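Hi everyone, thanks for making room for me this morning. I'd like to walk you through one protein model, so please have a look at the screen while I talk.

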Amino acid sequence: MTFSQIIGFLALAGAALAQTASQFCDSSSGICFQGYTDPTMNMTVGFVFPPVTTPPSDEYIVQIVAPASYGWTGVSAGGTMANSLLFTLWPYNDQIILGTRWTSDYVLPDPYTGPKITLLPDSTANSTHIKATFRCQNCTVWQDGSMGSGDLTAFQLIAYVASYTTKVADPSDVDSSMQEHDAFNFFGLDLSTVHDDNYSSYISGGAAPSAPAPTSSSPTSTSAPPSTTSSASGASQTAFGQCGGTGWTGPITCASGYTCTKLNDYYSQCTP
């Protein structure tokens, strides 16, 4: 069994040993997360979800903070490498290169279409660290898996990894190949604690998707392919989904019980 294959086993056997998430609030954005700061890997990972609704929302906000010197970092929303939604992150010329991936085995994950990623304004990359705070739509269910096994009030194991020194093959390309990570760890996330009534205000300042990486022609550095909730113009948008704004071409009507509310020129949202 290779080092990467071990992660699949530990995701099951190590669940009882994983650290437990606690609340922290970002001082620059005011967003409060449930997450964990690893003092050894020097990484912070946090999640916050919209209030519980019926049907459930398909989105959440994630924050990943890591040293800028790392080659790359990653987070598994499903707690394993295989059959999970994976986020990969690294800096490039003070830009944030953030993508989604998926794999069915313990091999280099492929770019994964479906999720829609929007960086929020407090995200930054500088000489000391990289901080990606991003909204992830169409992200609670993925191929062969889901958050909380379909229950957004259940327990979810979160995995995170880091390559301390080895950079990806092409840092300008969100789909670049990469070498195996050097370290990984887990924490337990009680999804019943991550739902926040302030969620609408958290995303109101980060509505416009960030610009593509200048040399990437596939899914861009900060915006993955469109969510399935923003396709046919005649469809209704889900709870807390986008329903308008400059350049928006997706649904402009909301599911029953929700109203399309303008938050700024770039973003309107389906709110109760």
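I'll start with the overall picture and the confidence, then go through the salt bridges, the pocket and a cavity, and finish with one glycine.

So, first things first: this is a predicted model. The average pLDDT for the protein is 83, and 79% of the residues reach at least 70. Two stretches deserve some caution. Over residues 1-13 the pLDDT stays under 50, and the model gives that stretch 22 contacts beyond four places in sequence. Residues 206-233 also stay under 50, with 77 contacts beyond four places in sequence. Where pLDDT is low, the predicted coordinates should not be read in detail. Please keep that in mind when you look at those two segments.

Now the general build. The protein has two helices and 21 strands. It runs to 272 residues, and 56% of them count as buried. If you take the contacts with a separation of 6 or more, 61% of them are between residues 24 or more positions apart.

Let's move on to the charged pairs. How many salt bridges does the count come to? The count is three, and I'll take you through each.

Let me begin with D26 and K131, whose side chains meet in a salt bridge at 3.0 Å, N to O. D26 sits in the loop between β2 (22-25) and β3 (32-38), while K131 is in strand β12, residues 129-137, so this pair ties together parts that are 105 residues apart in sequence. Are these two buried or exposed? D26 is buried, with a relative accessible area of 10%, and K131 is buried too, with a relative accessible area of 10%.

K131 has another partner. D122 also forms a salt bridge with K131, and here the closest N and O atoms are 3.1 Å apart. D122 is buried as well, at a relative accessible area of 12%. Put together, D26, D122 and K131 are linked in a network of salt bridges.

The remaining pair is R135 with E59, where the closest N and O atoms are 2.7 Å apart. This one links distant parts of the chain: R135 belongs to strand β12 and E59 to the loop between β4 (43-48) and β5, 76 residues apart. Both R135 and E59 are buried.

Next, the spaces in the model, starting with the largest pocket. About 320 Å³ of space lies in this pocket. It is lined by 22 residues, and the closest to its centre are W72, M81, P109, V161 and H181. Which elements supply at least two residues each to that lining? They are α1 (3-13), β6, β7 and β15 (155-163). β6 gives the largest share, with four residues. In terms of chemistry, the pocket lining has 14 nonpolar, seven polar and one charged residues. A word of care about α1, which spans residues 3-13: pLDDT stays under 50 over residues 1-13, so I would hold that part of the picture loosely, given that low-pLDDT coordinates should not be read in detail.

What about enclosed spaces? A search of the whole structure finds two cavities of 30 Å³ or more. I'll show you the second largest cavity, which holds about 30 Å³ of space. Its lining is made by A66, P67, Y70, W72, T73, L89, W90, P91 and I130. You'll recognise W72, which also came up among the residues closest to the centre of the largest pocket. β5 (60-67), β6 (72-76) and β7 (86-92) each provide at least two residues of this cavity lining, and β7 has the largest share, with three. By class, the cavity lining divides into eight nonpolar residues, one polar and no charged.

Last stop: a glycine. Where is G241 found? G241 is in the loop between β17 (236-237) and β18 (242-244). G241 is buried, with a relative accessible area of 2%. In sequence, G241 and C270 are 29 residues apart, while in space they are 5.5 Å apart, C-alpha to C-alpha.

That's my tour. Thanks for listening, and I'm happy to go back to any part of it.

How values were computed:
Residues numbered from 1 in each chain as written. Predicted model: local features only at pLDDT ≥ 70, side-chain atom pairs only at ≥ 80, totals over all residues. Heavy atoms only, no water. pLDDT = per-residue confidence, 0-100. Contact = heavy atoms within 4.5 Å. 1 Å grid on protein atoms, 1.4 Å probe; cavity = no way out; pocket = protein on both sides within 12 Å on 5 of 7 lines; lining within 4 Å. Points joined across faces, edges and corners; volume = space filled by probe spheres on them. Nonpolar A, V, L, I, M, F, W, Y, C, P; charged D, E, K, R; others polar. Salt bridge = Lys/Arg side-chain N within 4 Å of Asp/Glu carboxyl O. Buried < 20%, exposed > 50% of the residue type's maximum accessible area, 1.4 Å probe, protein only.
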